[in-house]
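Me: I would like a close look at a single part of this model, with the neighbouring elements brought in where they help. Please take it slowly and keep to what the coordinates support.

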Amino acid sequence: MQTSADTKTTMKLISKKGFDFFCSGDFMFFIDRDEKNNDKFFKTDLDIFSEIGKDEYTNIKFGKAWRTLESAYTECIQLNNGEYLTCIFHDSTIIRHDIDGNKIKEYNIGHFQTGFDITYSIALDKNGNLWIAQPTSHYIGQFSLDTQEELFRIGGDFENPDTFDHPEQVRTFGDFVFVCDMGNKLIWKLNINTKALKEYKKFDEPTWEYGQFKSKEIVKLSSGLYEL
């Protein structure tokens, strides 16, 4: 595990108020909130930063699925066939969209009726299985998109955090799922095949988002958006 002291020596600030970032091709895209609480949208190759319009940001992130959504903060996954999966935070609904943005399926994934099963984040692994994070029940789970069956879980009891303490986000890269654990101030690394779990990076503050861009790692902490 990389310690917080080790991480601090290599961290480079991208934006103090940057959040909701994603990477596509040659650029990383993110939202920055100004002093008047207005959102601005940016793209960067980590050397040059350019402000862009909301339309460019949402068109790249959502494609035509954007026309059926209300918020630019919605989680979104583009599938290999050009379709999209989105997760609408306020009602914890995972929806499949065709390439024209039409809603073609609503999934019954992660609806446990506990009162704390709000899905904040979704990710698709290389085997085609869906991962979700539900912070208030300290839960992450793996599901089959075909059967909607739960294949694996950690957590689920909001009164007893156990392994995770408010896991805010899941992201998949190669054989691994990376879990941003806000309460424990770290990123976990979970093997999608063996389910072996280990601490990956530890920080001194809450950890919200993680991503990989080219050969770099990006993390959103409470104090800002950083390149590791």
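Which strand gives the most to the lining of the largest pocket, and with how many residues?

Reply: The model is a predicted one, and the values below should be read with that in mind. The strand in question is E2, which gives six residues to the lining of the largest pocket, the most of any element. The pocket itself has a volume of about 1300 Å³, and of the 40 residues that line it, the closest to its centre are Phe-21, Phe-22, Glu-75, Cys-76 and Arg-171. E2 spans residues 18-24, and it is joined in the lining by H2, E6, E7, strand E10 (121-124), strand E14 (167-173) and E18, each of which, like E2, supplies at least two residues.

Among these contributors, helix H2 deserves a closer description. H2 covers residues 54-62, and its buried residues are Tyr-57, Thr-58, Lys-61 and Phe-62. Seen down the axis of H2, these buried residues fall within an arc of 95°, so they line one face of the helix. The cover over them includes E2 once more, together with strand E3 (27-33), strand E4 (39-44), strand E5 (49-52), strand E6 (75-78) and strand E7 (84-88). Just after the helix, Gly-63 takes a positive phi of about 60°.

Three of the strands that help to cover H2, namely E3, E4 and E5, are linked by two hairpins. E3 and E4 are antiparallel and pair over six bridges, with Phe-30 having Phe-42 in E4 as its bridge partner; five residues lie between these two strands, and in that turn Asn-37 has a positive phi of about 70°. E4 then runs antiparallel to E5, to which four bridges join it, and here Thr-44 stands opposite Phe-49 in E5. The hairpin of E4 and E5 has four residues between the strands, and Leu-46 in its turn shows a positive phi of about 80°.

E18, another contributor to the pocket lining, leads to a separate piece of the architecture. An open sheet of four strands has the order E1-E20-E19-E18, with antiparallel pairing. Strand E1 (12-15) and strand E18 (207-213) stand at the edges, each with a single partner strand, so one side of each is left without a neighbour in the sheet. Direction ignored, neighbouring strands of this sheet are turned by 25° against each other on average. Between E18 and strand E19 (residues 216-221), the antiparallel pairing extends over six bridges, and Tyr-210 has Val-219 in E19 as its bridge partner.

Within strand E20 (residues 224-227) of the same sheet, Gly-224 can be followed in some detail. Gly-224 counts as buried, because its relative accessibility is 0% and the cut-off for that class is under 20%. Leaving aside residues up to four places away in sequence, Gly-224 touches Leu-13, Ser-15, Lys-16 and Val-219. The C-alpha atoms of Gly-224 and Asp-32 are separated by 10.0 Å, although these positions lie 192 residues apart in the sense of their separation along the chain.

E14, also named in the pocket lining, is preceded by a loop with some backbone values to note. Asp-162, located in the loop between strand E13 (150-154) and E14, has a positive phi of about 60° although it is not a glycine. At 69% relative accessibility, Asp-162 counts as exposed. His-166 lies in this loop between E13 and E14 as well, and its phi is near 60°, a positive value in a residue other than glycine; with a relative accessible area of 27%, however, His-166 is partly exposed.

Going back from that loop through E13, one comes to strand E12 (residues 139-144), of which six of the six residues are buried, so the strand is largely enclosed by the rest of the structure. Both faces of E12 are covered, with Tyr-139, Gly-141 and Phe-143 buried on one side and Ile-140, Gln-142 and Ser-144 buried on the other. E12 pairs with strand E11 (residues 129-134) in the antiparallel sense over six bridges, and Asn-129 stands opposite Ser-144. Four bridges join E12 to E13, again antiparallel, with Phe-143 having Glu-150 in E13 as its bridge partner.

How values were computed: Residues are numbered from 1 along each chain as its sequence is written. This is a predicted model: local features need pLDDT of at least 70, side-chain atom pairs count only at pLDDT 80 or more; totals for chains, interfaces and linings use all residues. Side-chain values use heavy atoms; hydrogens and water are left out. Buried means under 20% relative accessible area, exposed over 50%, partly exposed in between (1.4 Å probe, protein chains only). The arc is that of the directions from the helix axis to the C-beta atoms. Contact means heavy atoms within 4.5 Å. Two strands pair if DSSP finds at least two bridges between them. Axes are lines fitted to C-alpha atoms, for helices over the stretch in contact, and angles run from 0 to 180 degrees between N-to-C directions. On a 1 Å grid over the protein atoms alone, a cavity is a set of points where a 1.4 Å probe fits but cannot get out, and a pocket is an open set with protein on both sides within 12 Å along at least five of seven lines; lining residues have an atom within 4 Å of a point. Grid points are joined across faces, edges and corners, and a volume is the space filled by probe spheres set on the points.
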